[in-house]
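The following note is offered to a colleague who is meeting this structure for the first time. Please read the points with the sequence and the model at hand.

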Amino acid sequence: MENCESYQFTWPGKSRAAALAETPAQGELRPVDKWSFGRDGAPGGTDSGNMYIGGDNLDALKLLSGEYSGRIKLICIDPPYNTGSDFIYGDNFASPKGRSQGDAGRLHAGWLNMMYPRLKLAKELLREDGSIFVFIDYNEAANLRKLMDEVFGEENFQREIIWRMGWISGYKTAAGNFIRNHDSILFYSKNRELLDFKKLYIENRDFKPLVKSTPKLREKFRELGLTPKQGRELLNFINHENRPERYPIEDTWNCSEYDDLNSIAIMSFSGEKISKLLGIDQEFKGQKSVRMLRRIISATTRGEDIVLDFFSGTASTAHAVMEQNISDGGSRRFIMVQLPEPLPEGCAARNAGYDTICDIGRERIRRAGDCLRERTGLDADYGFRLFTLR
(Lines give C-alpha, C1' and ligand atoms only; values in the text may rest on other atoms or scores of the structure.)
Protein backbone atom coordinates (compact mmCIF):
# COMPACT_ATOMS: atom_id res chain seq x y z
CA MET A 1 0.00 0.00 0.00
CA GLU A 2 1.13 3.53 -0.71
CA ASN A 3 1.08 4.61 2.94
CA CYS A 4 3.65 1.88 3.71
CA GLU A 5 6.18 3.39 1.35
CA SER A 6 8.73 6.06 2.27
CA TYR A 7 11.56 7.89 0.58
CA GLN A 8 14.92 6.21 1.20
CA PHE A 9 18.46 6.57 -0.05
CA THR A 10 20.13 3.22 0.44
CA TRP A 11 22.75 0.91 -1.03
CA PRO A 12 24.43 -2.42 -0.17
CA GLY A 13 26.66 -2.05 2.90
CA LYS A 14 25.11 1.17 4.21
CA SER A 15 24.37 -0.12 7.72
CA ARG A 16 27.88 -1.43 8.14
CA ALA A 17 29.34 1.83 6.82
CA ALA A 18 27.34 3.80 9.39
CA ALA A 19 28.48 1.48 12.16
CA LEU A 20 32.09 1.84 11.06
CA ALA A 21 32.05 5.48 12.17
CA GLU A 22 31.37 4.28 15.72
CA THR A 23 34.11 1.65 15.98
CA PRO A 24 37.41 2.45 17.74
CA ALA A 25 40.34 3.70 15.69
CA GLN A 26 42.97 1.20 14.67
CA GLY A 27 46.23 2.63 15.94
CA GLU A 28 47.29 5.96 17.39
CA LEU A 29 48.77 9.25 16.24
CA ARG A 30 52.50 9.34 16.84
CA PRO A 31 54.54 12.53 16.42
CA VAL A 32 57.61 12.45 14.21
CA ASP A 33 59.57 15.43 15.44
CA LYS A 34 62.54 14.98 13.11
CA TRP A 35 60.26 15.57 10.12
CA SER A 36 58.33 18.40 11.74
CA PHE A 37 58.97 22.11 11.22
CA GLY A 38 58.58 24.94 13.70
CA ARG A 39 56.59 28.14 13.25
CA ASP A 40 59.65 29.74 11.71
CA GLY A 41 60.19 26.79 9.38
CA ALA A 42 63.10 25.39 11.39
CA PRO A 43 63.55 21.60 10.93
CA GLY A 44 62.63 19.60 14.02
CA GLY A 45 60.60 22.42 15.55
CA THR A 46 57.47 21.44 17.48
CA ASP A 47 55.85 24.80 18.22
CA SER A 48 53.67 24.97 15.09
CA GLY A 49 49.90 24.85 15.48
CA ASN A 50 49.52 23.07 12.15
CA MET A 51 49.31 19.29 11.72
CA TYR A 52 50.13 16.90 8.90
CA ILE A 53 48.93 13.31 9.40
CA GLY A 54 50.11 10.46 7.21
CA GLY A 55 47.65 7.57 7.34
CA ASP A 56 44.13 6.41 6.57
CA ASN A 57 41.73 9.29 7.12
CA LEU A 58 39.00 7.16 8.71
CA ASP A 59 41.15 6.33 11.71
CA ALA A 60 42.63 9.84 11.71
CA LEU A 61 39.16 11.39 11.95
CA LYS A 62 38.26 9.11 14.85
CA LEU A 63 41.43 10.05 16.71
CA LEU A 64 40.94 13.75 16.02
CA SER A 65 37.39 13.62 17.37
CA GLY A 66 38.67 13.45 20.93
CA GLU A 67 40.42 16.82 20.97
CA TYR A 68 38.79 18.55 18.01
CA SER A 69 35.12 17.61 18.23
CA GLY A 70 33.08 20.70 17.42
CA ARG A 71 36.20 22.83 16.85
CA ILE A 72 36.83 22.72 13.09
CA LYS A 73 35.54 25.83 11.29
CA LEU A 74 36.03 24.65 7.71
CA ILE A 75 36.37 21.26 6.06
CA CYS A 76 37.44 21.32 2.43
CA ILE A 77 37.96 17.97 0.70
CA ASP A 78 38.62 16.66 -2.79
CA PRO A 79 37.79 12.93 -2.47
CA PRO A 80 38.35 10.31 -5.17
CA TYR A 81 35.91 10.90 -8.03
CA ASN A 82 35.34 7.15 -8.50
CA THR A 83 36.42 7.20 -12.13
CA GLY A 84 37.47 3.56 -11.95
CA SER A 85 41.17 4.31 -11.52
CA ASP A 86 41.37 6.58 -8.47
CA PHE A 87 39.49 4.56 -5.84
CA ILE A 88 42.01 3.10 -3.40
CA TYR A 89 40.44 3.38 0.07
CA GLY A 90 39.83 -0.23 1.10
CA ASP A 91 37.36 -0.50 3.98
CA ASN A 92 36.76 -4.20 3.26
CA PHE A 93 33.14 -3.83 2.22
CA ALA A 94 31.48 -6.67 0.39
CA SER A 95 30.15 -5.90 -3.10
CA PRO A 96 27.18 -8.24 -3.48
CA LYS A 97 25.71 -8.83 -6.91
CA GLY A 98 22.00 -8.34 -6.42
CA ARG A 99 19.48 -9.11 -9.10
CA SER A 100 19.74 -5.60 -10.51
CA GLN A 101 23.17 -4.75 -9.19
CA GLY A 102 25.62 -4.40 -12.08
CA ASP A 103 29.23 -3.31 -12.09
CA ALA A 104 28.29 0.38 -12.00
CA GLY A 105 26.05 -0.22 -8.99
CA ARG A 106 28.82 -1.99 -7.10
CA LEU A 107 31.22 0.86 -7.85
CA HIS A 108 28.73 3.43 -6.54
CA ALA A 109 28.05 1.34 -3.42
CA GLY A 110 31.76 0.96 -2.70
CA TRP A 111 32.32 4.71 -3.03
CA LEU A 112 29.34 5.53 -0.80
CA ASN A 113 30.53 3.04 1.81
CA MET A 114 33.90 4.76 1.84
CA MET A 115 32.46 8.28 2.11
CA TYR A 116 29.58 7.69 4.55
CA PRO A 117 31.50 7.07 7.79
CA ARG A 118 34.04 9.78 6.95
CA LEU A 119 31.34 12.40 6.43
CA LYS A 120 29.58 11.36 9.65
CA LEU A 121 32.82 11.88 11.56
CA ALA A 122 33.46 15.13 9.71
CA LYS A 123 30.12 16.49 10.89
CA GLU A 124 31.05 15.76 14.51
CA LEU A 125 34.29 17.71 14.07
CA LEU A 126 32.62 20.82 12.61
CA ARG A 127 31.77 23.85 14.70
CA GLU A 128 28.11 24.85 14.79
CA ASP A 129 28.94 27.91 12.65
CA GLY A 130 31.22 25.90 10.35
CA SER A 131 30.91 24.68 6.78
CA ILE A 132 32.11 21.92 4.47
CA PHE A 133 33.01 22.09 0.77
CA VAL A 134 33.33 18.88 -1.24
CA PHE A 135 34.74 18.76 -4.77
CA ILE A 136 33.20 16.23 -7.16
CA ASP A 137 32.57 15.49 -10.84
CA TYR A 138 29.67 13.88 -12.67
CA ASN A 139 30.55 10.29 -11.69
CA GLU A 140 29.24 10.67 -8.12
CA ALA A 141 27.69 14.16 -8.02
CA ALA A 142 24.12 12.88 -7.70
CA ASN A 143 25.01 10.35 -5.00
CA LEU A 144 27.12 12.86 -3.09
CA ARG A 145 24.23 15.34 -2.98
CA LYS A 146 21.92 12.70 -1.51
CA LEU A 147 24.60 11.57 0.94
CA MET A 148 25.33 15.12 2.10
CA ASP A 149 21.60 15.75 2.54
CA GLU A 150 21.38 12.68 4.77
CA VAL A 151 24.45 13.43 6.89
CA PHE A 152 24.22 17.23 7.19
CA GLY A 153 20.51 17.73 6.53
CA GLU A 154 18.89 18.99 3.35
CA GLU A 155 18.17 22.29 5.10
CA ASN A 156 21.93 22.88 5.44
CA PHE A 157 22.60 22.74 1.72
CA GLN A 158 23.94 26.16 0.74
CA ARG A 159 25.13 26.06 -2.88
CA GLU A 160 26.31 23.85 -5.68
CA ILE A 161 29.26 25.79 -7.08
CA ILE A 162 30.05 25.22 -10.73
CA TRP A 163 33.79 25.24 -11.38
CA ARG A 164 34.60 25.89 -15.04
CA MET A 165 37.73 23.95 -15.90
CA GLY A 166 39.04 25.76 -18.96
CA TRP A 167 39.34 26.12 -22.67
CA ILE A 168 38.12 23.30 -24.90
CA SER A 169 40.84 21.55 -26.87
CA GLY A 170 42.22 18.15 -27.76
CA TYR A 171 40.27 15.02 -26.82
CA LYS A 172 37.48 17.04 -25.16
CA THR A 173 36.26 18.21 -28.54
CA ALA A 174 35.60 14.61 -29.60
CA ALA A 175 32.54 14.33 -27.36
CA GLY A 176 29.43 13.23 -29.22
CA ASN A 177 27.18 15.85 -27.60
CA PHE A 178 27.63 18.97 -25.46
CA ILE A 179 31.22 19.11 -24.27
CA ARG A 180 31.73 18.79 -20.52
CA ASN A 181 33.68 21.69 -19.07
CA HIS A 182 32.97 21.80 -15.34
CA ASP A 183 33.23 20.09 -11.99
CA SER A 184 31.12 20.87 -8.94
CA ILE A 185 31.72 21.91 -5.33
CA LEU A 186 28.95 21.13 -2.83
CA PHE A 187 28.76 23.65 0.01
CA TYR A 188 26.92 22.72 3.23
CA SER A 189 26.70 24.35 6.65
CA LYS A 190 26.67 22.55 9.99
CA ASN A 191 23.80 24.76 11.15
CA ARG A 192 22.22 27.13 8.64
CA GLU A 193 21.03 29.46 11.40
CA LEU A 194 24.57 29.95 12.73
CA LEU A 195 26.63 29.82 9.52
CA ASP A 196 29.49 32.31 9.60
CA PHE A 197 29.92 33.50 6.02
CA LYS A 198 31.51 36.62 4.62
CA LYS A 199 30.03 37.70 1.30
CA LEU A 200 32.84 38.22 -1.22
CA TYR A 201 33.21 40.60 -4.13
CA ILE A 202 35.60 40.85 -7.05
CA GLU A 203 37.00 44.37 -6.92
CA ASN A 204 37.25 46.44 -10.08
CA ARG A 205 41.05 46.32 -10.06
CA ASP A 206 40.88 42.50 -10.17
CA PHE A 207 38.37 42.14 -13.01
CA LYS A 208 39.28 39.81 -15.83
CA PRO A 209 40.19 42.10 -18.75
CA LEU A 210 37.78 42.22 -21.66
CA VAL A 211 40.60 43.25 -23.96
CA LYS A 212 44.24 42.43 -23.32
CA SER A 213 47.21 44.36 -24.62
CA THR A 214 48.92 42.31 -27.33
CA PRO A 215 51.51 43.19 -30.00
CA LYS A 216 48.81 43.01 -32.70
CA LEU A 217 46.50 45.30 -30.74
CA ARG A 218 49.26 47.82 -30.09
CA GLU A 219 50.09 47.79 -33.80
CA LYS A 220 46.43 48.48 -34.61
CA PHE A 221 46.44 51.42 -32.15
CA ARG A 222 49.45 52.84 -33.97
CA GLU A 223 47.66 52.45 -37.32
CA LEU A 224 44.72 54.38 -35.88
CA GLY A 225 47.02 57.17 -34.76
CA LEU A 226 46.88 56.49 -31.03
CA THR A 227 49.95 57.12 -28.90
CA PRO A 228 51.03 54.36 -26.43
CA LYS A 229 49.56 56.45 -23.59
CA GLN A 230 46.24 56.84 -25.39
CA GLY A 231 46.19 53.10 -26.07
CA ARG A 232 46.70 52.35 -22.37
CA GLU A 233 43.99 54.84 -21.43
CA LEU A 234 41.55 53.21 -23.87
CA LEU A 235 42.24 49.75 -22.47
CA ASN A 236 41.80 51.06 -18.92
CA PHE A 237 38.46 52.59 -19.89
CA ILE A 238 37.25 49.34 -21.45
CA ASN A 239 38.51 47.03 -18.72
CA HIS A 240 37.90 49.16 -15.63
CA GLU A 241 36.39 52.66 -15.91
CA ASN A 242 33.38 51.48 -17.91
CA ARG A 243 32.59 48.64 -15.48
CA PRO A 244 31.15 48.53 -11.92
CA GLU A 245 33.22 49.23 -8.81
CA ARG A 246 32.91 45.61 -7.71
CA TYR A 247 30.95 42.48 -8.54
CA PRO A 248 29.53 39.90 -6.08
CA ILE A 249 30.94 36.42 -6.51
CA GLU A 250 28.34 34.05 -7.94
CA ASP A 251 28.06 30.26 -7.65
CA THR A 252 29.67 29.79 -11.06
CA TRP A 253 33.44 30.27 -10.83
CA ASN A 254 35.81 31.11 -13.63
CA CYS A 255 32.76 31.71 -15.81
CA SER A 256 31.75 35.38 -15.75
CA GLU A 257 33.36 38.32 -17.53
CA TYR A 258 34.59 39.58 -14.15
CA ASP A 259 36.07 36.39 -12.70
CA ASP A 260 39.76 35.86 -13.46
CA LEU A 261 40.18 32.74 -11.33
CA ASN A 262 42.80 30.49 -12.91
CA SER A 263 41.99 26.94 -13.93
CA ILE A 264 44.50 24.16 -14.49
CA ALA A 265 43.15 23.75 -18.01
CA ILE A 266 43.73 27.44 -18.80
CA MET A 267 46.84 28.47 -16.89
CA SER A 268 48.09 25.16 -15.47
CA PHE A 269 48.18 27.19 -12.23
CA SER A 270 51.25 29.01 -13.57
CA GLY A 271 53.44 29.62 -10.52
CA GLU A 272 51.17 27.48 -8.36
CA LYS A 273 52.22 24.27 -10.08
CA ILE A 274 53.67 21.95 -7.48
CA SER A 275 56.08 20.53 -10.08
CA LYS A 276 57.58 24.02 -10.40
CA LEU A 277 57.73 24.49 -6.63
CA LEU A 278 59.51 21.15 -6.17
CA GLY A 279 61.70 21.49 -9.24
CA ILE A 280 60.60 18.23 -10.87
CA ASP A 281 59.25 17.63 -14.37
CA GLN A 282 55.97 15.96 -13.45
CA GLU A 283 52.35 17.03 -13.31
CA PHE A 284 50.03 15.82 -10.55
CA LYS A 285 46.49 15.05 -11.62
CA GLY A 286 43.74 16.78 -9.68
CA GLN A 287 45.72 19.46 -7.85
CA LYS A 288 43.55 22.43 -6.95
CA SER A 289 44.14 26.12 -7.51
CA VAL A 290 45.41 27.92 -4.41
CA ARG A 291 43.46 31.00 -5.49
CA MET A 292 40.24 29.01 -5.62
CA LEU A 293 40.85 27.51 -2.17
CA ARG A 294 41.66 30.94 -0.76
CA ARG A 295 38.27 32.13 -1.98
CA ILE A 296 36.61 29.45 0.14
CA ILE A 297 38.88 30.06 3.14
CA SER A 298 38.43 33.83 3.13
CA ALA A 299 34.62 33.53 2.95
CA THR A 300 34.24 31.05 5.80
CA THR A 301 37.14 31.51 8.25
CA ARG A 302 38.98 34.20 10.14
CA GLY A 303 41.29 34.69 13.12
CA GLU A 304 42.50 31.43 14.63
CA ASP A 305 39.97 29.16 12.92
CA ILE A 306 41.00 25.59 12.07
CA VAL A 307 40.80 24.23 8.51
CA LEU A 308 40.70 20.46 7.91
CA ASP A 309 41.39 18.60 4.66
CA PHE A 310 41.37 14.82 5.04
CA PHE A 311 41.96 14.06 1.35
CA SER A 312 44.85 16.52 1.21
CA GLY A 313 46.73 15.16 -1.81
CA THR A 314 49.56 17.54 -2.65
CA ALA A 315 48.53 19.83 0.26
CA SER A 316 47.06 22.68 -1.79
CA THR A 317 44.73 23.52 1.12
CA ALA A 318 47.64 23.96 3.56
CA HIS A 319 49.37 26.21 1.03
CA ALA A 320 46.17 28.25 0.64
CA VAL A 321 45.73 28.64 4.42
CA MET A 322 49.24 30.07 4.78
CA GLU A 323 48.73 32.39 1.80
CA GLN A 324 45.43 33.68 3.23
CA ASN A 325 46.96 34.26 6.66
CA ILE A 326 49.66 36.39 5.06
CA SER A 327 47.05 38.26 3.04
CA ASP A 328 44.69 39.24 5.86
CA GLY A 329 46.80 38.82 9.01
CA GLY A 330 44.88 35.76 10.22
CA SER A 331 46.27 32.99 12.42
CA ARG A 332 44.33 30.09 10.92
CA ARG A 333 45.65 26.60 11.54
CA PHE A 334 45.42 23.61 9.24
CA ILE A 335 45.12 19.86 9.72
CA MET A 336 46.03 17.81 6.66
CA VAL A 337 45.42 14.05 6.41
CA GLN A 338 46.68 11.95 3.52
CA LEU A 339 47.02 8.24 2.88
CA PRO A 340 50.68 7.55 1.98
CA GLU A 341 49.97 6.30 -1.53
CA PRO A 342 53.16 5.04 -3.24
CA LEU A 343 54.25 6.99 -6.30
CA PRO A 344 54.75 4.96 -9.49
CA GLU A 345 58.17 3.46 -10.05
CA GLY A 346 60.21 5.39 -12.60
CA CYS A 347 58.19 8.63 -12.40
CA ALA A 348 60.05 11.93 -12.10
CA ALA A 349 58.94 12.48 -8.49
CA ARG A 350 60.09 9.01 -7.47
CA ASN A 351 63.43 9.55 -9.18
CA ALA A 352 63.76 12.83 -7.27
CA GLY A 353 63.47 10.98 -3.96
CA TYR A 354 59.74 11.18 -3.19
CA ASP A 355 58.33 7.74 -2.40
CA THR A 356 54.71 8.63 -1.52
CA ILE A 357 52.19 11.39 -2.06
CA CYS A 358 52.72 12.31 1.61
CA ASP A 359 56.37 13.06 0.84
CA ILE A 360 55.16 15.43 -1.88
CA GLY A 361 52.60 17.12 0.36
CA ARG A 362 54.97 17.69 3.28
CA GLU A 363 57.71 19.09 1.05
CA ARG A 364 55.21 21.33 -0.71
CA ILE A 365 54.15 22.86 2.61
CA ARG A 366 57.77 23.34 3.69
CA ARG A 367 58.81 25.04 0.47
CA ALA A 368 55.66 27.16 0.26
CA GLY A 369 56.30 28.32 3.83
CA ASP A 370 59.91 29.16 3.04
CA CYS A 371 58.84 31.16 -0.02
CA LEU A 372 56.23 33.10 1.94
CA ARG A 373 58.62 33.86 4.80
CA GLU A 374 61.36 35.05 2.44
CA ARG A 375 58.91 37.12 0.40
CA THR A 376 57.13 38.83 3.27
CA GLY A 377 59.31 38.56 6.38
CA LEU A 378 56.13 38.47 8.44
CA ASP A 379 55.77 36.64 11.75
CA ALA A 380 53.46 33.76 10.90
CA ASP A 381 53.21 29.99 11.34
CA TYR A 382 55.11 28.49 8.40
CA GLY A 383 55.52 25.01 9.87
CA PHE A 384 53.66 21.88 10.86
CA ARG A 385 53.91 18.96 13.24
CA LEU A 386 54.09 15.60 11.50
CA PHE A 387 52.13 12.62 12.81
CA THR A 388 51.84 9.08 11.52
CA LEU A 389 49.16 6.50 12.21
CA ARG A 390 50.53 3.31 13.71
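With which side chain does the side chain of threonine 388 make a polar contact?

1. The model is predicted. In it, the side chain of threonine 388 makes a polar contact with the side chain of arginine 390, at 3.2 Å.

2. Threonine 388 belongs to strand 12, which covers residues 385–389. Its relative accessible area is 18%, and because the limit for a buried residue is under 20%, threonine 388 counts as buried. Leaving aside residues up to four places away in sequence, threonine 388 touches Glu28, Leu29, Arg30, Val32 and Gly54.

3. Strand 12 is part of an open sheet of ten strands, whose order is 1-12-2-11-10-3-4-6-5-9 and whose pairing is mixed. The edges are held by strand 1 (29–31) and strand 9 (252–253); each has a single partner strand, so one side of each has no neighbour in the sheet.

4. Within this sheet, strand 3 (residues 72–77) and strand 4 (residues 126–136) run parallel and are joined by five bridges. Cysteine 76 stands opposite phenylalanine 133 of strand 4.

5. Helix 4 (residues 141–152) packs on the sheet, where it touches strand 4, strand 5 (157–164) and strand 6 (182–189). The direction of helix 4 makes about 5° with that of strand 6.

6. Helix 12 (residues 357–376) lies across strand 2 (51–54), strand 11 (333–338) and strand 12. Relative to strand 2, helix 12 runs at about 170°. Strand 12, which helix 12 lies across, is also the strand that holds threonine 388.

Methods:
Residues are numbered from 1 along each chain as its sequence is written. This is a predicted model: local features need pLDDT of at least 70, side-chain atom pairs count only at pLDDT 80 or more; totals for chains, interfaces and linings use all residues. Side-chain values use heavy atoms; hydrogens and water are left out. Helices (H or I, at least four residues) and strands (E, at least two) are DSSP runs, numbered from the N terminus. Buried means under 20% relative accessible area, exposed over 50%, partly exposed in between (1.4 Å probe, protein chains only). A polar contact is a pair of N or O atoms within 3.5 Å; within protein, one must be able to donate a hydrogen and the other to accept it, and residues adjacent in sequence count only if both atoms are side-chain atoms. Contact means heavy atoms within 4.5 Å. Two strands pair if DSSP finds at least two bridges between them. Axes are lines fitted to C-alpha atoms, for helices over the stretch in contact, and angles run from 0 to 180 degrees between N-to-C directions.
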